[in-house]
Amino acid sequence: MAIAASPSPPSFSPSASFCCSRTDPSCFASFPSISRPYPLTRRIFISSRLNSSIFSAAAGGFGSPDNGDVQYELQHGFSLERRNTGSAVFVTLPLDAVSPAGQVRRRKAMSQSFRALAAAGVEGVVIEVWWGLVETDVPCSYNWKGYLEIVAMARRYGLKVRAVFTFNQNGMGPDDPHWIPLPKWVLEEINKDPDLAYSDRFGRRNMEYITLGCDTFPVLRGRSPIQAYADFMRNFRDTFRPYLGAIVTGIQVGMGPGGELRYPSSPSQKLAWAWRSRELGEFQCYDKYMLASLNACAQNVGMREWGNGGPIGASNLMNNPEQSEFFRGNDGSWNTPYGEFFLRWYSEMLLLHGERLCKEAETIFRGIEVNLSAKLAGIHWHYGTKSHPSELTAGYYNTSIRDGYLPIARMFGRYRFTICCSCFEMKDVAEKQMNPVSSPEGFLRQLLMAARVCDVPLEGENSTLGLDDDSFQQVVKMSRVYTDGLEKPSFSFNFVRMDKNMFEYSNWVRFTRFVRQMSDASKLFRAKLDPGSNRGLSSATDITTSRLALVYH
């Protein structure tokens, strides 16, 4: 039975010390207007004009210059210089680009891949920087070796780098080939205090990410999780300072499971296919830290009985919101005073977590010309319902009568963050055949409009590894939903991700065509020799990509 609601809900103060902040939605309207803080011109770096540097552990520094790209340009008759028009395309590197020992995997194939990407006009690469690989054994002891080598390799080929700080686990367990756990010393602390992990109403623990309920408590050997994340970012800044602003031009701050600002309402690996099963998700508010916050908030509004746990009747067993007391559309308790109280608290705790990380990152990288960003999850499989249950359990208080993405966009705008989101290749017509209430396009349009209203730049991503023309055309179409009509739009796209299939001939042709479309330019490169020399480039690139398709696995 659902918790009985008071006919006239008491108001609760956002000033409560342990309660969520800004619980009155009217406060969002009072946010100051946001001006675009980013430079409107992108720096151009040509690899032939830079000394390449490859990290050498033995030397403890950087190697000698290698200007082989000059010869490559002259041989094939093109320049690696890109035109500053349209939307830049980045390519995300494989999950295992850096091994647990801190070494670059398949170094030769990686180098050939970078050369091919540069030749195709790709702006740069995206590399996930895993907390569990960098600060593995001992707190405040960082191993950046493999990532330094990746950045140096990108510099050699004139590519930019976006670093994604991933403070989460990847994979389902040690048997997963892409298993990357949290740092060992963090797992030791979780073993001592299991409430450092999220928990649902069944007591199931999720180890992907430390619960945000303990953000500011010194639970990690004298440091709070926010302090540990900040120390990681600060050490990255100090280590990569020679590259920041020139080669490393973007930093995405992980804010939850899967690197996204959300709760682990469904495990990340399961979430990738959740729309097929129409999972509602589970509220993640049952660890002692989240319960303490909820209880304090309930007492603050004079409704102590509202602070004992999450909503009753929010069952995920049927995967049908209309059979759930909390989520059903017409008379579900999501749209009662109690439901409003709980969903505001739950979503505001998530927003507060994001704001803490934004504040730390903005302070650490202040004065450095790097673009800061954060990622939101593309949860669309109940977008056509009234209550949007799968969004609610993930922490997005977005329903048919409430815009949950505008407050998030405003928060990111305050700290000059770019929003990264996926689903750009997905079409309603295809998804509705399997799930009539799904709407990836509807979700994405709402988020894009929120970003436009708040003047927040966008990074798009694909959710599935599609290399067909329809998927690429959908990306172009949805990107223009954001850019059309803007005097100075700021949009770029991260293609997820590089693998051997990408370099197969037909896929490569489609991908390079897509890069040209996004660039909005008839030619990507400036010919240095005779106009017919591009035929040599095509032939050489075909050979390179054919080899990569064989060796990249």
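Which residue just after α12 takes a positive phi? Here are a few notes to help you find your way around this predicted model.

1. Let's start with that opening question. The residue is Arg416, whose phi is about 60 degrees. Arg416 comes just after α12, so the helix itself, residues 405–414, is a good next stop.

2. Helix α12 is largely enclosed by the rest of the structure, because eight of its 10 residues are buried. Those buried residues are Tyr405, Leu406, Pro407, Ile408, Ala409, Met411, Phe412 and Gly413.

3. What covers them? The buried residues of α12 are covered by elements including the helices α10 (337–364), α11 (389–394) and α14 (440–453). The strands β9 (371–375) and β10 (418–421) also take part in this cover.

4. Now for the aromatic rings, where the count comes to 43 aromatic pairs. Take Phe511 and Phe514: their ring centres are 6.5 Å apart and their planes meet at 45 degrees, so this pair is tilted. Both residues belong to helix α16 (residues 505–519) and sit three residues apart, about one turn of the helix. Residues three or four places apart in an α-helix point the same way, because there are 3.6 residues a turn. Phe511 and Phe514 are both buried.

5. Do look at the aromatic cluster as well. One cluster is formed by Trp131, Tyr142, Trp144, Phe165, Phe167, Trp185, Tyr209, Tyr229, Phe232, Phe236 and Phe240.

6. Finally, which residue lies over the face of Phe90? That is Arg162, at 3.8 Å from the ring centre.

Methods
Residues are numbered from 1 along each chain as its sequence is written. This is a predicted model: local features need pLDDT of at least 70, side-chain atom pairs count only at pLDDT 80 or more; totals for chains, interfaces and linings use all residues. Side-chain values use heavy atoms; hydrogens and water are left out. Rings of Phe, Tyr and Trp (its six-membered ring) pair if their centres lie within 6.5 Å; planes under 30 degrees apart count as stacked, over 60 as edge-to-face and the rest as tilted. Helices (H or I, at least four residues) and strands (E, at least two) are DSSP runs, numbered from the N terminus. Buried means under 20% relative accessible area, exposed over 50%, partly exposed in between (1.4 Å probe, protein chains only). A charge sits over a ring if NZ of Lys or CZ of Arg is within 6 Å of the ring centre and within 35 degrees of the ring normal. Contact means heavy atoms within 4.5 Å.
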